[in-house]
Structure formats: C-alpha cells, structure tokens
Amino acid sequence: MRIGIDLGGTKTEVIALANDGKQLFRHRLPTPKNDYQQTIGTIVELVRLAEEATGEKGTVGIGIPGSISPYTRVVKNANSTWLNGQPFDKDLCDALQREVRLANDANCLAVSEAIDGAAAGAAMVFAVIIGTGCGAGVAINGRSLIGGNGTAGEWGHNPLPWMDEDELRFREEVPCYCGKQGCIETFISGTGFGTDYHRLSGKSLKGNEIMHLVDQQDPVAELAIARYEMRLAKSLAHIVNILDPDVIVLGGGMSNNERLYKTVPQLVKPWVFGGEFETPIRKAVHGDSSGVRGAAWLWPLEK
C-alpha cells in the first residue's frame, strides 16, 4: 500500500492506494497554519487513520509547497512559510519511524498524471498548476525530477517572455512575492488573471466570475482571457524550447477553462523555435486529487 499526503495551505489530505492505483482511503484535516510541530502531528495522525482504516502499513510520500535544499537539507521556497528552514523530511522520518519521500506539490501532479492520468506512459511530462499561484513540475519515466539545486520545474519564477508594452507596464505595477518583477506567476496564475481584469475594468472579480462574463460575450472579459491565453502560450513555448516534453498537463483552477485546450496550442506555435508544435496540452485527469495521488506514487512500482 502507498500512502500519499498533500500538505496544502488550508487543508492536509491523505490517500491510500493499492498497487493498481485503486483508492482505499481518503481523508482531510485542516492545516495547522504557523505551527510546525502541529503540522508534523497532523501528518502522523493522517497516516495512522489510513493504516487503521485499511489494516495495512504503507510507504509514505508527501507533496509540499516548496522543496528540500540538497545542500542544507531544510525546506526552502515554501509559501507555507513556517516550513522554511526546517529539516522537514528528517523530522517526519523520526515521527513516523520509517523513510519518507518528499517532493514539490507540482512535481507530485506531474508524477500522478504520468503514472495513470492525462499523460499515462509518456516519457517526459511537464505539469502546470495554475491556481492561486503558479507552479510546475517535471516527471521523467514516471519519476519526479528534482534537479541538482532542488528547483527543477520552478517555471513560474522566470520572467514572462517576449513582453509587449502593456506587459512591461504590468511588470512594473505587479511585483511578485519572491521579490522580483515580471514573473510568469504574476501573469498566468488565477490571481494574475483577476489582477489583469481589474486593470482593464476597475472591477475585482474571481476567475469563474470573469469566465461567466466571457460566456455572455462581455468585451472586457474576452480581452482579459485572450491576453491570458497568449501569455500562457508564450510561457509554454519557453518550456518547449528547453525541455520539449511529450505531454503538457494543466491543473489548478484555471485549468477548468475548457477553451484553453482549443486556443493555446495554436498560440504556442509562433513562439516555438522552428514553429512546429503538436505536443498535446491536456487537463489533469485526477483534478484536485492529482497532488495527493502523486505523493503516494513517489514510491513507484519496482520493475
């Protein structure tokens, strides 16, 4: 049995999977914000509940909103800031009395979709989370690519490529929380989509509310989503020029906009070196379960 944990900003979720990927148990508890020891305690409790419910002991994989530094062995880049600077994997191993595998939550999405999701069987998968923030992960042959510095897949904190005049203004007006300007995350996260609509209309609306206006043929909302699609396309073209993945998978709230899968593939082509782009862009099959499933699959089937 494989146990996966998805440590989110508001909830922490556990899943238990059989060898064939069948879900055996799933449960959520609130994430104890700003309390490191209680975060560990919550994970221990979720593992206990999973093993009690199934009557089996399992391997444990955990997706976190950050990564473990290969140099200091502590968490870095986590927007759940109470994790930063902590030897989280070591402390969890001690608390659970077994080896624990950790990966960035976007890497877990990539692994999940590569194993039995939208990119099942693909050799190289690039998976994007476009929600409140913007993260990405890479899976090669069903395994998470961490990178030598522990930052593989941190696509959202590269600058938006080929900026036009308005995007240059956006860069000046909307700094990223990381301290830099012009990050892809500020443009193509759900938050960035809402920010751009506010710049165009003066109104503050959620992404689904803006898309409702798009359906009603509101011209300002249509302009906002068209700009979003072009920015996403340019950003993905960068990845194609560097990694050229076999499949691109989209997850997170913005991935639920079905028109992206019609418009973005054609918009990517002019920005790719040579102009050729037939890579499938697919919606994550497992939806908001992908992160927790991918965490479980950090322990792959042995071949």
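Which backbone nitrogen lies 2.8 Å from a polar atom of the side chain of Asn104? In this predicted model, the partner is the backbone nitrogen of Ala106. A polar contact here is a pair of N or O atoms within 3.5 Å; within protein, one must be able to donate a hydrogen and the other to accept it, and residues adjacent in sequence count only if both atoms are side-chain atoms. Local features are reported at pLDDT of at least 70 and side-chain atom pairs at pLDDT 80 or more, whereas totals for chains, interfaces and linings use all residues. Residues are numbered from 1 along each chain as its sequence is written, and side-chain values use heavy atoms, with hydrogens and water left out.

Asn104 itself belongs to strand S7, residues 100–104. Helices (H or I, at least four residues) and strands (E, at least two) are DSSP runs, numbered from the N terminus. With a relative accessible area of 12%, Asn104 is buried; that word stands for under 20% relative accessible area, exposed for over 50%, and partly exposed for values in between (1.4 Å probe, protein chains only). Leaving aside residues up to four places away in sequence, Asn104 touches Ile64, Pro65, Gly66, Ala136 and Glu154, where contact means heavy atoms within 4.5 Å.

A second buried residue is Ser112, at 0% relative accessibility. Ser112 sits in helix H3 and is in contact with Gly117, His286, Ser290, Arg293 and Gly294, again not counting residues up to four places away in sequence.

Turning to the N-terminal strands, S1 (residues 2–7) and S2 pair in the antiparallel sense over 6 bridges. Two strands count as paired if DSSP finds at least two bridges between them. The hairpin that joins S1 to S2 runs through 3 residues, and Gly4 stands opposite Ile15 in S2. On its other pairing, S2 meets strand S3 (residues 23–30) over 7 bridges, also in the antiparallel sense, with Lys11 placed opposite Pro30 in S3. S2 and S3 form a hairpin with 5 residues between them, and Gly21 in that turn has a positive phi of about 90 degrees. Strand S2 (residues 11–17) is mostly covered, as 6 of its 7 residues are buried.

Another part of the fold is an open sheet of 5 strands in the order S10-S9-S8-S11-S12, with mixed pairing. S10 and S12 stand at the edges with a single partner strand each, so one side of each is left without a neighbour in the sheet. Strand S8 (residues 124–130) and S9 run antiparallel and are joined by 7 bridges; within this pair, Ile129 stands opposite Gly135 in S9.

The pocket search comes next. Rolling a probe the size of a water molecule over the atoms shows where empty space is left. On a 1 Å grid over the protein atoms alone, a pocket is an open set of points where a 1.4 Å probe fits, with protein on both sides within 12 Å along at least five of seven lines; lining residues have an atom within 4 Å of a point. The largest pocket holds about 1,300 Å³ of space, a volume being the space filled by probe spheres set on the points, with grid points joined across faces, edges and corners. Of the 44 residues that line the largest pocket, the closest to its centre are Pro65, Asn79, Asp105, Ile129 and Gly133. At least two lining residues each come from S1, helix H3 (105–116), strand S9 (134–140), strand S11 (247–251) and helix H10 (290–296). S9 gives the largest share of the lining, 3 residues. By class, the lining divides into 12 nonpolar, 23 polar and 9 charged residues; Ala, Val, Leu, Ile, Met, Phe, Trp, Tyr, Cys and Pro count as nonpolar, Asp, Glu, Lys and Arg as charged, and the others, Gly among them, as polar.

Finally, three loop residues deserve a look. Asn77, in the loop between strand S6 (75–76) and helix H2 (88–96), has a positive phi of about 60 degrees although it is not a glycine. Asn77 is partly exposed, with a relative accessible area of 44%. Asn141 lies in the loop between S9 and strand S10 (143–144); its phi is near 50 degrees, a positive value in a residue other than glycine, and it is exposed at a relative accessible area of 59%. Gly287, from the loop between strand S12 (281–283) and H10, is partly exposed at 41%. Gly287 and Ser255 are 32 residues apart in sequence, and their C-alpha atoms are 9.2 Å apart in space.
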